[in-house]
Amino acid sequence: MTAVTDVELASISVSKVTDAVYLDQAVEEVFGLMLGVPVELVDEEFLTDDAAETMTAMIGLAGAISGTCAMLVKAEAGVHMAGCMAGIELNGVDETVLDGLGEITNMLAGAWKAKIPELNVACMLSVPTVVTGTQYVVHRKAPAFLVERSYRLGEHFFTVRVYGVIH
Amino acid sequence: MKVLIVDDSAMMRKVVERALRQAGMNLTEVIQANNGVEALAMLRESASSNAAFDLIFSDINMPMMDGLEFIEKRKQEGLALGVPVVMITTEGSTPNVMRALAAGARGYICKPFTTDQVKACVTPLLNVA
């Protein structure tokens, strides 16, 4: 494997990884190309209703940065996303939906890091993890960087977060 | 055309198959494997039964045995060496591409992808295979 030089690592800055343009572009590409649906950036923060089932799909980032790329959706939005990707109508949360959300998040993480050349070589992705439930909180250490954006997909909303530390 | 699609995600296997069909490929048989271990077993079986694949698509990031190790072992064992292998992955970094090509991959597609990209990658491989 090609070694990443100190110069390359040193050039990864917080301002670069927190530039939301990269995340917006990654989201637009993944949803446009793989789901065939447009998404729209929204200002509102994604909020969970107390009783709403929520899904959080996560990809671990390792190497030049340690962190997580996470997508948060309500269950009905997740079902809609997975249905768009599969090209079929899905009726509830099942293995297909969990698989689809994991893959969408995997592609988001991959597309995001590919836009930052220094990360594309030096950052590796884990296999996906998807958490489902109601009224849960994802705890994390105070990250050195955080980029968070919310989007509208038809009548649904979702949030994507990338956070962690730079080594 | 008989195709082997290797990916730990059933969703992605479905998406790849759909992209191949939309690209105009005449798929007569689609065999699926969850990881490199299963894929190697299928190549050994196809070799013994003389039922060769025409094309292999493989993800890289998979449990048990990843896609790079799969095509390296395929090369070591001399399995389906004449069959074009296309890697299809989110890991589009240069070292991964170089390692895949060194192990015998003939194409490399990064997710997310378009049907046109799949067609542009696969068509020349089938014409010369």
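Here are some questions and answers on this predicted two-chain model.

Reader: Before we start, what kind of model is this, and how are residues numbered and chains lettered?
Author: It's a predicted model, where local features need pLDDT of at least 70, side-chain atom pairs count only at pLDDT 80 or more, and totals for chains, interfaces and linings use all residues. Residues are numbered from 1 along each chain as its sequence is written, while chains are lettered from A and ligands numbered from 1 in the order in which they are written.

Reader: How many residues of chain A are in contact with chain B?
Author: Contact here means that the C-beta atoms of two residues, placed from the backbone, lie within 7 Å. On that basis, 19 residues of chain B meet chain A, and the number on the chain A side is 22.

Reader: Which element gives the largest share of the side of chain B that touches chain A?
Author: Helices (H or I, at least four residues) and strands (E, at least two) are DSSP runs, numbered from the N terminus. Helix H1 (10-22) and helix H4 (94-102) of chain B each supply at least two residues of that side. The largest share is six residues, and they come from H1(B).

Reader: Where is the cis peptide bond at B:Pro112?
Author: Most peptide bonds are trans. B:Pro112 sits in the loop between strand E5 (107-110) and helix H5 (115-128) of chain B. The cis bond, with omega about 0°, joins B:Pro112 to B:Lys111.

Reader: What is phi of A:Gln135?
Author: Most residues other than glycine have a negative phi. A:Gln135 lies in the loop between strand E5 (129-133) and strand E6 (145-153) of chain A. Its phi is positive although the residue is not a glycine, near 55°.

Reader: Is B:Met64, with its positive phi of about 75°, buried or exposed?
Author: A residue is buried if 20 or more other C-beta atoms, placed from the backbone, lie within 10 Å of its own, exposed if 12 or fewer, and partly exposed in between. B:Met64 is in the loop between strand E3 (55-58) and helix H3 (67-77) of chain B. Because B:Met64 has 12 C-beta neighbours inside 10 Å, it counts as exposed.

Reader: Which residues does B:Thr28 touch, leaving out those up to four places away in sequence?
Author: You'll find B:Thr28 in the loop between H1 and strand E2 (29-33) of chain B. B:Thr28 has 9 other C-beta atoms within 10 Å, so it is exposed. With that sequence limit, the residues it touches are B:Met1 and B:Lys2.
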